[in-house]
Amino acid sequence: MSATPNVVDPARRKSVLLIAANAAVSPTTGWPVGFWWSELTHPYWTFTEAGYAVDTAADGETGLEAALVASYDVAIVDLMLPQRDGLSVIDEWRRRGLSMP
């Protein structure tokens, strides 16, 4: 996996929106914590090390709003989220004209 340059704007790194119920960030270290707490295989690190800009959201409402105010190349969405499930987040994006994969 590689964050090859954006064809439209080569100076802009490709970006990922990670919406996962356990996508919290430690206030002490700034590292993502939760489900992957004890391992460095957290998707945040995988994408960051490959050169992507990664934003996280820990619930469906926050993830929905994040994609409406910023542009992402791809979103990874947990299906079982607090406040709003992942499928309804994706349905709402489509209803509003967002087409990111």
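A search of the whole structure, which is a predicted model, turns up 4 salt bridges. Glu92 is a good place to start looking. Its side chain pairs with that of Arg95, at 2.6 Å from N to O, and it also bridges to Arg96, where the closest N and O atoms are again given as 2.6 Å apart. Arg84 is another partner of Glu92, with 3.8 Å between the closest N and O atoms. Side chains of opposite charge can pair in this way when their charged atoms come close. Through shared partners, the salt bridges tie Glu61, Arg84, Glu92, Arg95 and Arg96 into one network.

How open to solvent are these residues? Glu92 counts as buried, because its relative accessibility is 10% and the cut-off for buried is under 20%. Arg95 is exposed, with a relative accessible area of 61%. Arg84 and Arg96 sit in the partly exposed class, Arg84 at 22% and Arg96 at 46%. So the acid that these three arginines pair with is itself a buried residue.

The Arg95 and Glu92 pair belongs to helix H3, where the two residues are 3 apart, or about one turn of the helix. An α-helix has 3.6 residues a turn, so residues three or four places apart point the same way.

Helix H3 itself has a clear inside and outside. Gly86, Val89, Glu92 and Trp93 are its buried residues. Looking down the helix axis, the buried residues of H3 fall within an arc of 125 degrees, so they line one face of the helix. That buried set packs against E1, H2 and E3. On the face turned away from the buried side, H3 carries the exposed residues Leu87, Asp91 and Arg95.

Both ends of H3 have something to look at. At the start, a side-chain oxygen of Asp85 reaches to within 3.0 Å of the backbone nitrogen of Leu87. Just after the helix, Gly97 takes a positive phi of about 90 degrees. Ser99 follows in the segment after H3 and is exposed, with a relative accessible area of 64%. Although 25 residues separate Ser99 from Val74 in sequence, their C-alpha atoms are 9.4 Å apart in space.

Next comes the nonpolar interior. The largest nonpolar core has 13 residues, and those with the most contacts inside it are Leu17, Ile19, Ala75, Val77, Trp93 and Met100. At least two core residues come from each of strand E1 (15-19), helix H2 (60-69), strand E3 (74-77) and helix H3 (86-95). The top contributor is H2, with 3 residues. Val77 shows how these pieces meet: leaving aside residues up to four places away in sequence, Val77 touches Ile19, Gly86, Ile90 and Trp93. There is also a second, separate core of 6 residues, which includes Val16, Ala20, Phe47 and Tyr52.

The loops bring together parts of the chain that are far apart in sequence. Asp78 lies in the loop between E3 and H3 and counts as partly exposed, at 30% relative accessibility. Asp78 and Ile19 are 59 residues apart in sequence, yet 6.0 Å apart from C-alpha to C-alpha. Beyond its sequence neighbours up to four places away, Asp78 touches Ile19, Ala20, Ala21 and Gly86. A polar atom of the Asp78 side chain also lies 3.2 Å from the backbone nitrogen of Met80.

What does Ser71, in the loop between H2 and E3, touch? Apart from residues up to four places away in sequence, Ser71 touches Arg12 and Ser15. Ser71 is exposed, with a relative accessible area of 55%. Its C-alpha is 9.2 Å from that of Val16, with the two positions 55 residues apart in sequence numbering.

Terms used: Residues numbered from 1 in each chain as written. Predicted model: local features only at pLDDT ≥ 70, side-chain atom pairs only at ≥ 80, totals over all residues. Heavy atoms only, no water. Core = buried A, V, L, I, M, F, W, Y, C linked by side-chain atoms within 4.5 Å. Buried < 20%, exposed > 50% of the residue type's maximum accessible area, 1.4 Å probe, protein only. Helix = DSSP H or I, 4+ residues; strand = E, 2+ residues; numbered from the N terminus. Contact = heavy atoms within 4.5 Å. Arc of directions from axis to C-beta. Polar contact = N/O pair within 3.5 Å; in protein donor to acceptor, adjacent residues only side chain to side chain.
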